[in-house]
Amino acid sequence: MTKRLTTLLCLCLLLAAPIASADPADLTTAFSLLGERSFTKKAEAIPLIANSGHPRARQLLSALLEGQLKQRKTDGRLVWVEQQGDTEVLLDPLTGAPLAEAEGGQFTRLTINNQMRVQLRNAIADMSLADADPAVRLAAVREMTGELDDERAAALERQLADESSSAVKAAIETALALRQLQSADDATRLAAIQQLGSSLEPQAQLRLTTLVESEESSPAVKRAAQESLRGIEQRKQLAALAETLFFGLSLGSVLVLAAIGLAITFGVMGVINMAHGELMMLGAYTTYVVQQLLPNQIGLSLALSIPAAFVVAGLVGVAIERGVIRFLYGRPLETLLATFGISLVLQQLVRTIFSPLNRTVATPEFMSGTLEINAALSLTLNRLYIFAFCLLVFAALVLVLKRTRLGLQVRAVSQNRAMARAMGVRSEWVDALTFGLGSGIAGVAGVALSQLTNVGPNLGQAYIIDSFMVVVFGGVGNLWGTLIAGLSLGVANKVLEPWAGAVLAKILVLVFIILFIQKRPRGLFPQKGRAVEA
Amino acid sequence: MILELLKNDRGGRNLLSVLAIVAILVPVCNLLIPADNPLHISTYSVTLMGKYLTYALLAVAVDLVWGYLGILSLGHGAFFALGGYAMGMYLMRQIGDRGVYGNPELPDFMVFLNWQELPWFWQGFDQFWFAALMVLLIPGVVAFGFGWFAFRSRVTGVYLSIITQALTYAFMLAFYRNEMGFGGNNGLTDFKDLLGFSLQSDTMRVALFVASALALAVGYLACRAITTSRLGRVAVAIRDAEARARFIGYRVEEVKLWIFAFSALLAGVAGALYVPQVGIINPNEFSPLASIEMVIWVAVGGRATLYGAVVGAVLVNYAKTVFTGVMPEAWLFALGGLFVLVTLFLPQGIVGLLKRKEASA
């Protein structure tokens with residue numbers, strides 16, 4: 001808070017405007033000044049508004065700049081006319097509240113001249129620079145970059161001393177260095193060039209390139225600029241690498257989400273469930289339905305979808321286990337066929353109920369947008385959330401299997417059914433619950449998928465082969481293997497993509513896994529001990 | 001020799017007799033009986049039946065490896081489609097300059113993609129003998145290569161099923177790419193001639209039908225010959241106890257490899273006969289769903305009987321034609337239900353059901 005005040009104070013000083021307090025009287029004066037015909041009078045209003053401390057001062061100035069502020073012909077009252085689609089909406093300039101239609105009438109636009117435009121832009125930039133939101137400050141610095149005059153350079157230098165966000169700091173440094181490039185003194189220019197070498201702003205690279213190509217620059221400057229350009233290039237490559245890695249991990253986390261449910265049903269129980277993808281699809285459709293029920297609370301509906309999808313998919317899973325799979329234990333090929341049949345039925349069921357068309361599930365606000373690390377690297381938030389979610393689900397699953405009574409029984413039954421029964425474990429009940437657990441996790445994975453792709457009846461099919469590959473690659477019956485296999489396959493896919501194309505990359509990965517299974521039929525982390533062959 | 005093969009095979013005898021009768025009756029009913037006679041069979045039906053027969057041959061190929069060798073292949077669609085593509089390439093070259101763009105050398109889709117010359121792997125497909133050889137060779141060699149890797153490293157059971165599925169999935173992704181030079185997702189179509197005769201003529205349709213019937217008969221007898229031979233008995237031993245067969249001293253890998261490759265070759269022939277009859281081949285034939293449907297034909301008919309596979313393929317596909325015509329939404333329900341019901345209640349398929357009835361009577 002104190003920081004904000006000091007920056008505001010700095011601002012007042014640097015504008016060299018009449019010092020004013022946050023007094024509504026000032027705004028009233030400013031409004032009446034704006035109504036004057038003379039441009040000099042109008043211009044006097046700008047510092048008044050800028051220094052008024054009114055929360056909407058910045059918006060007011062931009063409205064003036066863009067000609068959205070209008071004056072009623074009859075009584076000279078100022079209104080804010082906002083274009084919303086095809087209709088014009090009248091707003092009160094001070095509160096931003098819509099005005100009644102009755103107050104309409106004939107309006108003239110407040111005209112401004114070029115001098116005022118410059119003044120307005122500067123005032124808006126300065127106010128943005130003092131904004132509490134780093135994103136606004138960053139945009140303001142970028143806006144100024146390349147066209148700094150002495151005053152604003154001084155302002156930036158002051159801001160630099162107080163700046164807390166490293167991204168804004170870097171942008172300010174770039175802007176200042178770009179200005180120093182114009183200096184006559186070679187030493188200053190060289191220092192600026194070196195400074196620019198650590199910047200990733202596109203403008204820096206552009207200017208350095210022109211420097212290298214320009215006839216006028218001295219050899220020392222040219223050399224330094226080349227050096228800096230190389231540095232930028234390297235850092236850009238590093239950023240690209242980090243981006244690839246991020247996309248790979250993101251794809252990998254989706255694969256892991258899709259595969260850990262399977263790691264339970266296939267890995268721990270040994271049941272081939274070809275309907276696994278369709279259980280994910282059910283989870284995604286559950287998200288869609290919950291969102292239809294709560295259309296105005298997207299965030300809440302998404303949070304509710306997670307348990308809902310778990311329950312829906314889990315119950316369907318238990319039904320599948322009780323209805324079909326339990327008659328087929330020990331006959332894996334038959335299980336495969338029967339569950340494949342179930343997957344067809346589920347797909348068709350969804351097609352009949354929801355139509356074969358894809359459905360879109362809205363993404364809540366906190367998940368949309370990007371996280372900007374620096375000028376060359378920004379990460380999409382929804383993928384970041386899904387990565388975290390994947391790790392969370394994985395951790396929860398590991399905890400359930402390792403720390404709970406159910407987990408103990410599941411492991412006991414999978415290792416030695418007869419012995420577990422002799423110890424009083426109800427193995428049939430455990431089977432149903434284990435299968436329900438794996439299926440429920442597939443449903444939860446479907447919730448995550450609904451945030452990345454459209455929800456359609458074929459959603460699951462796209463993932464079923466991939467998830468089997470992940471489980472087999474990681475080693476059947478090994479949750480950690482599944483995690484590592486999923487993430488590394490995701491990264492491998494994205495690393496191959498730039499030079500092989502998306503489809504070929506996928507094929508290459510598939511071929512690699514096929515060859516890998518030949519070499520190590522039990523995957524990366526094979527199970528050891530007597531339970532293996534059973 | 002044929003008689004000897006069929007001596008203890010009543011199902012096979014029945015199948016071949018029915019096949020012979022159909023192969024004679026259908027051409028007569030289509031070509032000689034006038035269209036207004038109730039006994040006339042339309043060309044559409046002839047083509048449809050021809051399609052069923054190619055499916056039946058494919059099912060026999062699947063049954064050979066699943067029923068007698070214990071390999072549940074979820075990738076036989078790949079071999080079927082490869083044979084189909086080899087035939088499709090020949091048919092594309094036969095179009096010549098009658099395509100939309102009138103290019104005598106390049107198929108339409110290549111002109112559309114701005115290709116200047118025929119890719120190397122399309123060379124030679126203007127000769128029928130070469131295409132026919134490729135129909136046999138390509139699926140056979142792919143299966144041999146795949147099996148060589150898979151069987152030597154002793155990938156078995158479910159793992160093998162899943163990697164066969166991955167195989168056909170990878171093929172599907174690859175053939176969807178335009179850059180592959182096989183027409184992308186449109187595949188190969190607009191065929192005109194086969195061996196200089198128009199594909200649209202009734203005679204050609206009937207000839208293809210008879211060829212399919214003949215191929216099925218020969219394929220059946222070949223599989224029967226294999227299964228009744230020493231090799232076939234070793235195969236059954238491997239199916240029932242692989243480790244034991246290996247310890248006794250049989251070369252398990254070699255047996256599997258040769259039978260698997262032969263089965264793929266049969267599937268390729270089925271594909272090659274299928275393509276001129278339906279008039280199109282596209283990457284959808286590679287889809288894992290298509291491959292798994294083949295398995296259900298065999299399961300419905302009855303595993304390890306060969307003629308059961310034929311019965312299953314014809315019945316399921318007839319049901320598919322009826323269902324998709326009358327109520328398209330219901331087909332996947334029916335197919336899915338079939339998977340579940342057959343595995344739960346009819347592990348021996350329809351043929352097994354009939355056998356059981358006979359035994360109890």
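Which residues are buried in helix 7 of chain A? I took this up as the opening entry, noting that the model is a predicted one.

**Entry 1. Helix 7 of chain A**

I found A:Arg152, A:Ala153, A:Ala155, A:Leu156, A:Gln159 and A:Leu160 to be buried in helix 7 of chain A. These residues lie on the same side of the helix, because the arc they cover around the axis is only 160 degrees. I then looked at the face of helix 7 turned away from that buried side, and noted the exposed residues A:Asp150, A:Glu151 and A:Ala161 there. For the length, I took the 13 residues of helix 7 (residues 150-162), which should span 18 Å at 1.5 Å a residue. The C-alpha atoms at its ends are 19 Å apart, which agrees with that expectation.

**Entry 2. Confidence**

I recorded an ipTM of 0.81 and a pTM of 0.75 for the model. For chain B, the mean pLDDT is 85, and 99% of the residues reach 70 or more. Where in chain B is confidence lowest, and where is it highest? The lowest mean, 73, belongs to helix 1 (residues 2-5) of chain B, and the highest, 91, to helix 11 (residues 252-278) of chain B.

**Entry 3. Chain A as a whole**

I counted 21 helices and six strands in chain A. Of the 534 residues in chain A, 47% are buried. I also looked up the contacts in chain A between residues at least 6 apart in sequence, and 68% of them join residues at least 24 apart.

**Entry 4. Helices 20 and 21 of chain A**

I checked helix 20 (residues 479-500) of chain A, which has 22 residues. From first C-alpha to last, helix 20 reaches 31 Å, close to the 32 Å expected at 1.5 Å a residue. Just after helix 20, I noted that A:Gly501 takes a positive phi of about 85 degrees.

I turned next to A:Phe516, which lies in helix 21 (residues 502-519) of chain A. Is A:Phe516 buried or exposed? Its relative accessible area is 15%, so A:Phe516 counts as buried. With residues up to four places away in sequence left out, A:Phe516 touches A:Phe473, A:Gly523 and A:Leu524. I also recorded that A:Phe516 and A:Val472, 44 residues apart in sequence, are 10.0 Å apart in space, C-alpha to C-alpha.

**Entry 5. The interface of chain A and chain B**

How many residues does the contact take from each chain? I noted 40 residues from chain A and 39 residues from chain B. The area buried between chain A and chain B is about 3,500 Å², and carbon and sulfur atoms give 81% of this area. On the side of chain A, the residues that lose the most area to chain B are A:Leu333, A:Leu337 and A:Gln518, together 18% of what that side buries.

I then searched the interface for salt bridges, and the rule finds one between chain A and chain B. B:Arg303 forms a salt bridge with A:Glu334, and the closest N and O atoms are 3.8 Å apart.

**Entry 6. Helix 12 of chain B**

I looked up two residues of helix 12 of chain B, beginning with B:Leu289, which is placed in that helix. B:Leu289 has 25% relative accessibility and therefore counts as partly exposed. Which residues does B:Leu289 touch, not counting residues up to four places away in sequence? I found A:Phe340 and A:Leu344. B:Leu289 and B:Gly75 are 214 residues apart along the chain, and their C-alpha atoms are separated by 9.6 Å.

B:Glu293 also has its place in helix 12 of chain B. At a relative accessible area of 8%, B:Glu293 is buried. I noted that B:Glu293 touches B:Lys320, B:Trp331 and B:Leu335, again not counting residues up to four places away in sequence.

**Entry 7. Positive phi outside glycine**

I recorded A:Ser355, a residue other than glycine, with a positive phi near 75 degrees. A:Ser355 sits in the loop between helix 14 (332-354) and strand 5 (370-374) of chain A.

In chain B, I noted B:Ala304, which is not a glycine but has a positive phi of about 55 degrees. B:Ala304 is placed in the loop between helix 12 (288-301) and helix 13 (307-326) of chain B. With a relative accessibility of 26%, B:Ala304 counts as partly exposed.

Note on methods:
Residues are numbered from 1 along each chain as its sequence is written. Chains are lettered from A and ligands numbered from 1 in the order in which they are written. This is a predicted model: local features need pLDDT of at least 70, side-chain atom pairs count only at pLDDT 80 or more; totals for chains, interfaces and linings use all residues. Side-chain values use heavy atoms; hydrogens and water are left out. pLDDT is the predictor's confidence in each residue, from 0 to 100. Helices (H or I, at least four residues) and strands (E, at least two) are DSSP runs, numbered from the N terminus. The expected span of a helix is 1.5 Å times one less than its number of residues. Buried means under 20% relative accessible area, exposed over 50%, partly exposed in between (1.4 Å probe, protein chains only). The arc is that of the directions from the helix axis to the C-beta atoms. Contact means heavy atoms within 4.5 Å. Buried area is the accessible area (1.4 Å probe) that two parts lose on being put together, summed over both. A salt bridge is a side-chain nitrogen of Lys or Arg within 4 Å of a carboxyl oxygen of Asp or Glu.
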